[in-house]
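Let's take a walk through this two-chain model and see how its pieces fit together. Have the sequence and the 3D view ready, and follow along.

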Amino acid sequence: MEPVLTPEDKIKIETGIREKYAKVAGSPEGLFKYPTGKAGLEALGYDPEILKTLPESILDSFCGVGNPFSLGTIDRGETVLDIGSGGGLDSLVAARMVGAGGKVVGLDLSPEMVTRAYEHLKQTDLTNVAFQEFSGEDLPFPDGSFDLVISNGVFNLIPAKGRMLKEACRVLKPDGRLLIADQVLSGALTKGPQERIDSWFR
Amino acid sequence: MDFLALMKEAGFEGIESVGETGFNSSPVTRGALFRGKKSEGGKSMSVEDGLLKYREFFEIAYADGAINRKMKHLIALGASLGAGCEP
């Protein structure tokens with residue numbers, strides 16, 4: 001069930017996420033309970049041939065929870081939206097897959113992450129990627145804009161998950177695909193609603 | 001509502017929970033992989049959803065108004081008999 005959150009709760013959650021990911025933009029090391037960086041990418045089975053084409057500093061910034069590319073192929077010429085693109089690793093991997101005839105757009109709540117993603121992009125020869133800072137519930141694209149939507153460890157941070165999923169569906173072309181890696185609840189929550197809001201993004 | 005149900009409500013079909021990633025952020029959460037597809041014709045609708053929408057339409061159409069519900073049913077019955085609809 002979607003939680004009932006006041007506007008103040010949503011602001012608190014969003015502020016907390018921005019603060020945490022401003023730190024993550026510097027380096028994710030030690031901030032997550034699972035491997036990050038190159039170790040994380042190798043453990044998750046990212047294509048080593050594509051990783052070889054990206055600078056080490058980009059690989060070091062990775063802090064995803066899974067490998068959305070393990071869920072299906074991405075074809076040359078396709079357009080891809082990466083919701084919660086972070087330091088840009090998944091967007092850059094997608095950009096390699098779609099080639100010059102395709103296009104990738106990464107959205108992120110954190111301005112520090114968008115800045116970091118552009119710094120990473122400049123270290124590559126890719127010209128088919130753009131990053132945007134985004135907060136809100138309506139994706140800033142017309143209907144049917146993308147062949148594919150990917151997301152990695154982001155939906156667990158979004159209070160209005162159903163709304164964002166509807167938006168993801170809206171911006172997909174007919175027959176478009178959604179590939180998501182994320183954290184899901186597998187056990188009982190021990191904290192009360194207010195404590196969970198306070199620690200939502202941790 | 002779980003995540004798969006949210007994906008269905010959002011309009012995705014062919015929804016799958018493909019497996020776990022092994023990257024767990026806490027003792028009560030686990031990394032998981034999901035995929036879905038937007039229908040070729042736009043937002044897909046299940047048979048159940050379609051029947052629900054038809055029922056909503058039916059109730060609105062036959063609601064009491066300038067013509068009461070009973071009269072509307074009688075008009076509909078007359079129209080269907082006139083059109084030769086099978087009972």
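Chain B is built from three helices and two strands. Follow the chain along its sequence and the elements come in the pattern α-β-β-α-α. Of its 87 residues, 16% count as buried. What about contacts that reach along the sequence? Among those in chain B between residues at least 6 apart, 29% join residues at least 24 apart.

The domain assignment splits chain B into domain 1 (3–38) and domain 2 (47–82). Their C-alpha centres lie 40 Å apart.

Keep in mind that this is a predicted model. For chain B the average pLDDT is 85, and 87% of the residues score at least 70. For the complex, the predictor gives an ipTM of 0.83 and a pTM of 0.77.

**Where the chains meet**

How many residues of chain A are in contact with chain B? On the chain A side there are 33, and they touch 31 residues of chain B. The elements of chain A that give two or more residues to this side are α7 (161–171) and β5 (172–185). The largest share comes from β5(A), with 13 residues. Sorted by type, the chain A side has 18 nonpolar residues, eight polar ones and seven charged ones.

**One sheet, two chains**

Now look at the strands. Strands of a sheet pair through backbone hydrogen bonds, and they can do so parallel or antiparallel. Here you'll find an open sheet of seven strands with mixed pairing, in the order β3(A)-β2(A)-β1(A)-β4(A)-β5(A)-β2(B)-β1(B). Which strands sit at the edges? They are β3 (129–133) of chain A and β1 (12–20) of chain B, each of which pairs on one side only. From one strand to the next, the twist averages 15°.

In that strand order, β5(A) of chain A sits beside β2(B) of chain B. Here are two of the pairings in the sheet, each with one residue pair to look for:

| Strand pair | Bridges | Direction | Residue pair |
|---|---|---|---|
| β5(A) and β2(B) | nine bridges | antiparallel | A:V184 and B:R30 |
| β2(A) and β3(A) | five bridges | parallel | A:V105 and A:A130 |

So you can find the chain-to-chain pairing yourself: β2 of chain B covers residues 29–38, and B:R30 in that strand stands opposite A:V184.**Helices against the sheet**

Two helices of chain A lie across strands of this chain. Helix α5 (residues 89–98) lies across β1 (79–83), β2, β3 and β4 (146–152) of chain A, and runs at about 170° to β2(A). Helix α6 (residues 111–122) lies across β2 and β3 of chain A, running at about 165° to β3(A).

Next comes α7(A), one of the elements of chain A that touch chain B. Is this helix mostly covered or mostly open? It is mostly covered, with eight of its 11 residues buried. The buried ones are A:K161, A:M164, A:L165, A:K166, A:E167, A:A168, A:C169 and A:V171. What do they pack against? Within chain A, their neighbours are β1, β4 and β5. From chain B, α1 (3–10), β1 and β2 join in.

Technical notes. Residues are numbered from 1 along each chain as its sequence is written. Chains are lettered from A and ligands numbered from 1 in the order in which they are written. This is a predicted model: local features need pLDDT of at least 70, side-chain atom pairs count only at pLDDT 80 or more; totals for chains, interfaces and linings use all residues. Two residues are in contact if their C-beta atoms, placed from the backbone, lie within 7 Å. Helices (H or I, at least four residues) and strands (E, at least two) are DSSP runs, numbered from the N terminus. Ala, Val, Leu, Ile, Met, Phe, Trp, Tyr, Cys and Pro count as nonpolar, Asp, Glu, Lys and Arg as charged, and the others, Gly among them, as polar. Two strands pair if DSSP finds at least two bridges between them. Domain bounds come from an automatic or database domain assignment. Axes are lines fitted to C-alpha atoms, for helices over the stretch in contact, and angles run from 0 to 180 degrees between N-to-C directions. pLDDT is the predictor's confidence in each residue, from 0 to 100. A residue is buried if 20 or more other C-beta atoms lie within 10 Å of its own, exposed if 12 or fewer, and partly exposed in between; C-beta atoms are placed from the backbone.
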